[in-house]
Amino acid sequence: SSVPLDDIPVWTPTAGCSEKPLYQRNEKLDQKISLYSGDITKLEIDAIVNAANKTLLGGGGVDGAIHRAAGPMLVKECTSLHGCETGEAKITCGYGLPAKYVIHTVGPIAQGGVGEVEKKALRSCYKNSLTAATKNAARSVAFPCISTGIYGYPPEQAVHEALATVREYLDEHHDKLDRVIFCVFLPTDKELYLQNLPLYFPAE
Ligand code: ADP
């Protein structure tokens, strides 16, 4: 059973819960953010983001789950894309998924540690995915925690790049998107997002 957008609660900050917000409140962004805990393949929204690898031909983790749920038509379309560079994003149809589109992005491999290169690449994943969404008139987009699984990016660092990049994009293009959903799969990631969302999307 799929989860329609109306069943995904909007995240609202609690006033006073963050002493030092990194960003000023922007009331235009109220009602635009969700934190969803569960399987991204179930979301009945415009676009889900896939943490793919450079081949775009499927893999483990969230990539495997998305390909299994979408069915073999997805890998067929992906084959025609001839791969994807780190930090870039390419869009396909969703096929058997409840989501209309899949945006495939390739996160940095961070097993050797995180430097400026990895940080910039991770930010590019979020930014280029949102650009691909808005170019295709997708107004609701869900992200998994890109690179923090098999690719080894420390989740407590990745959460800041994810939230900062989405905030920056929404500040510029709030009219083009109705909802950005952070889809977490692990309880530890849920905690990290609950801790850090108020810094990037503060209340008054
Ligand atoms: P990467 O190779 O970019 O590290 P992974 O798929 O290994 O990608 O992990 C990225 C994140 O996706 C991890 O937090 C993992 O727990 C999460 N994940 C795995 N399966 C799903 C799913 N079905 N829905 C949402 N997130 C998932």
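## The ligand, the largest pocket and Phe-182

Let's begin at the ligand: one of its oxygen atoms sits 2.8 Å from a polar backbone atom of Val-62. Keep in mind that this is a predicted model. In total, 16 residues surround the ligand, and the closest are Asp-39, Val-62, Ser-147, Gly-149 and Ile-150. The table lists polar contacts with the ligand.

| Residue | Part of the residue | Partner | Distance |
|---|---|---|---|
| Val-62 | polar backbone atom | ligand oxygen atom | 2.8 Å |
| Ser-147 | backbone N or O atom | ligand oxygen atom | 2.9 Å |
| Thr-148 | polar side-chain atom | ligand oxygen atom | 3.5 Å |

Next, have a look at the largest pocket, which holds about 570 Å³ of space. It is lined by 27 residues, and those closest to its centre are Ala-51, Gly-61, Val-62, Cys-145 and Gly-149. Strand E4 (47–52) and helix H1 (61–70) each give the lining at least two residues. The largest share, five residues, is supplied by H1. Sorted by class, the lining has 13 nonpolar, ten polar and four charged residues.

Now for Phe-182, which belongs to strand E8 (residues 179–184). Is Phe-182 buried or exposed? Its relative accessible area is 1%, and because buried means under 20%, Phe-182 counts as buried. Setting aside neighbours within four places in sequence, Phe-182 is in contact with several residues, including Ile-33, Ser-34, Leu-35 and Tyr-36, as well as Phe-143, Tyr-193 and Leu-197. How far apart in space are Phe-182 and Gly-152? From C-alpha to C-alpha they are 19 Å apart, with their positions 30 residues apart in sequence numbering.

How values were computed:
Residues are numbered from 1 along each chain as its sequence is written. This is a predicted model: local features need pLDDT of at least 70, side-chain atom pairs count only at pLDDT 80 or more; totals for chains, interfaces and linings use all residues. Side-chain values use heavy atoms; hydrogens and water are left out. Helices (H or I, at least four residues) and strands (E, at least two) are DSSP runs, numbered from the N terminus. Buried means under 20% relative accessible area, exposed over 50%, partly exposed in between (1.4 Å probe, protein chains only). Contact means heavy atoms within 4.5 Å. On a 1 Å grid over the protein atoms alone, a cavity is a set of points where a 1.4 Å probe fits but cannot get out, and a pocket is an open set with protein on both sides within 12 Å along at least five of seven lines; lining residues have an atom within 4 Å of a point. Grid points are joined across faces, edges and corners, and a volume is the space filled by probe spheres set on the points. Ala, Val, Leu, Ile, Met, Phe, Trp, Tyr, Cys and Pro count as nonpolar, Asp, Glu, Lys and Arg as charged, and the others, Gly among them, as polar. A residue is near a molecule or strand if one of its heavy atoms lies within 4 Å of it. A polar contact is a pair of N or O atoms within 3.5 Å; within protein, one must be able to donate a hydrogen and the other to accept it, and residues adjacent in sequence count only if both atoms are side-chain atoms.
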